[in-house]
Each structure stands twice: as C-alpha cells, then as structure tokens.
Amino acid sequence: MTTTPAGRRKQRTWSQFGEVKRKPTPYEAVTGKFHYHFRREPAPFELDPATPINTWYLNNREGSPFQVDDWEAFRDPYKLTYRDYVAMQHEREIFVDSLVDRSEASGLVGGLDPAWVATLADVFVPLRFPIHVLQMVSLYVGQMAPSSYITNCAHFQAADEMRRIQRIAYWTKVLANTHGDDIAETARSRDIWESDPAWQPLRKALETLLISYDWGEAFTALCVVVKPTVDTLFNDCLSDLAAQNGDRFVAELAAEFARDSARSRDWTQALTTYALERDPSLSEVLEGWVSKWVPVADEAVAALAPALGQAPVPLDPAAVVKRAVATRDEFIIGTAI
C-alpha cells in the first residue's frame, strides 16, 4: 500500500471490507455493503425520520426479531453476480428452447389425450397466478433484506419465478392453438384461481403471505415453508404426472424448474445456518414462524392434491400430500431450525 506525501497510508478502493488482507472477489466487489441504509442513524433514508418509508423499514427490518450482529459475512453458496446468473440461465434457456422445438416439431401437443389437456387447463395453466405471488414475495424479501448478499439471492429467485411464468404462458398458448382458444383465456384461469375450492387454501395462504411485512417472517414463510411445499407439487409431482400421461414436454419442463427450486433451498439453508450460528436463540423465533405457516402450507397442498388425481393416469392424492410434506419437513430439518 502506497503512502501519501503527508505520510498517511492511502486506502485502496476496497477498504470498506476492512483489514481482510486480500483483494475482494468480483462477487464481493459488486455485492458487499451496498445497503448503506441498514441501521443508519437516525433513519434509514435521508428523509424526515417520520416519513412512511423510514418508519416502514424501521418497523419491518430493523424491528424484526430476525437479527444478527453482522449480515455482511453471509454468502450465497453459488456466489452469483448478475452476470453469472444471466450466463447460467442463458444456457438453461437454450436447453428449454430445444425442448420446445423438439415438441413442436414432433406434433406432441396434437397427440395428447383430450382428457389430459383438460387436466392441464385446470392444473397447469392457472399456475401463473400463484407463481406470480411467489415472485412478488421474493422481491419483497430482497427489497427489505439487511444485506445485498441476501437481496441478490432473493431477487435471482424472483427471476426464476418469472422464468416459470413465461414458460407456462408460452405453452398455454401452444395448447390453445391446437385444442381451443378458451384454454388461454385469462378469465377462465382467473376464475379457477379465485373460485375453484381446490385452489382457495393456496390463494388464502399466498395472499396472507403478501401482507406478512416483517422481513424475517416473510423470508421464513416463503423460503422455508411455503415455497418448498408447493414446489414439490408444482415441479416434482407435476413432472411425474405428465410423464405418466405421455406428455414429455411438461414432464421435462417441470423437472427443469426443479433445478431453480433447489438453488432456492440451498441459499435459504445457508442463510438460516448463518443466522443460527451467530445467534442460537433465533431458533425460537424461526420455530415460531415455521409452526405458524406449516399448517397453512399443508392445507393448501391437501386441497390441490386431488386435482392431480383426476388426470387420465392419476397420482394418488394421499401420496402427493405425503411427498410434499415429507420433502418440506426434511428441508426444514436441514436448515437447523
């Protein structure tokens, strides 16, 4: 390190990381300490402390019981930057495009059993509504997170959800072009989402999640409980169901989405482990939120599972519920909560 004419040590541009005695990685350089507004006195943002945005953050972030002394040492297990994420998903999108091209070239859609198409119209097509909620809550968790290392994980998760929505919407139109325009009509899918009894426990769960403003509870409810539970249904069980009914495309598409869900579980597990290592007493806080949300998620899956039992070659609804609950519970155990 050079010295100035006055004899003072000249700071390197990455001195904000402290005396780490090493050059920060590109991941750290574009992520570390970007949230200048966390624990900033007298208020997070340079406005009157009584303004709504300041009171909101003070109540729902600084005021959350989910706190450790330093969030900046948390790291995404994948250490993704925006550039890394785009490059990674570009490769995955090329793969999905190849699935689309192969399926369209083979005329797969035209050869589907009409009864299976009806199942897709009732189960697959409406998924864009709940997945959009998962996306919005992921964005909220990222917006409220106390460190940009956490924000990046949550926002990449939101991008994953948008990826699911876009692919579902595209394939909905492909189905509609062959089997009837009504499949792609928003009013039909919205009516299923808003009125079909099978979907109402999930809708209630997700709409309640949208008003869970404490950032710690929003993170726990979404990433530890609700998303791992319903993703088993939306990805794993749906993939198996599609394969049993001769729909190779939906089977492989859902399996592809499961890759993104696995990455979500990995960073979630890393964050809970990080927090509990620094403050073991947080287990009580997290357990409280988990106990609150597990019955909600279980009710949602129990109501939706029979829809998978109505396909021409069905899945056993009881087995679907058991699988979703067991997968989620195993994940929670892995989070060390």
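Accessible areas come from the Shrake-Rupley method with a 1.4 Å probe, and for residues only the protein chains shown count as cover. With the whole protein chain selected, the accessible surface comes to about 15500 Å², of which 55% belongs to carbon and sulfur atoms. This is a predicted model, in which local features need pLDDT of at least 70 and side-chain atom pairs count only at pLDDT 80 or more, while totals for chains, interfaces and linings use all residues. Residues are numbered from 1 along each chain as its sequence is written, and side-chain values use heavy atoms, with hydrogens and water left out.

Next, colour the chain by secondary structure: the protein chain has 12 helices and zero strands, where helices (H or I, at least four residues) and strands (E, at least two) are DSSP runs numbered from the N terminus. Along the principal axes, the C-alpha atoms fill a box of roughly 80 × 40 × 35 Å.

Now select residues 128-144, which form helix α5. Its 17 residues reach 24 Å from the first C-alpha to the last, close to the 24 Å expected at 1.5 Å a residue, the expected span being 1.5 Å times one less than the number of residues. Of these 17 residues, 13 are buried, that is, under 20% relative accessible area (exposed is over 50%, partly exposed in between, with a 1.4 Å probe and protein chains only).

Finally, select Cys223 and Cys153. Why do they not form a bond? The sulfur of Cys223 has its closest cysteine sulfur in Cys153, 9.4 Å away, which is too far, because a disulfide is a pair of cysteine sulfur atoms within 2.5 Å. Cys223 counts as buried, at 2% relative accessibility.
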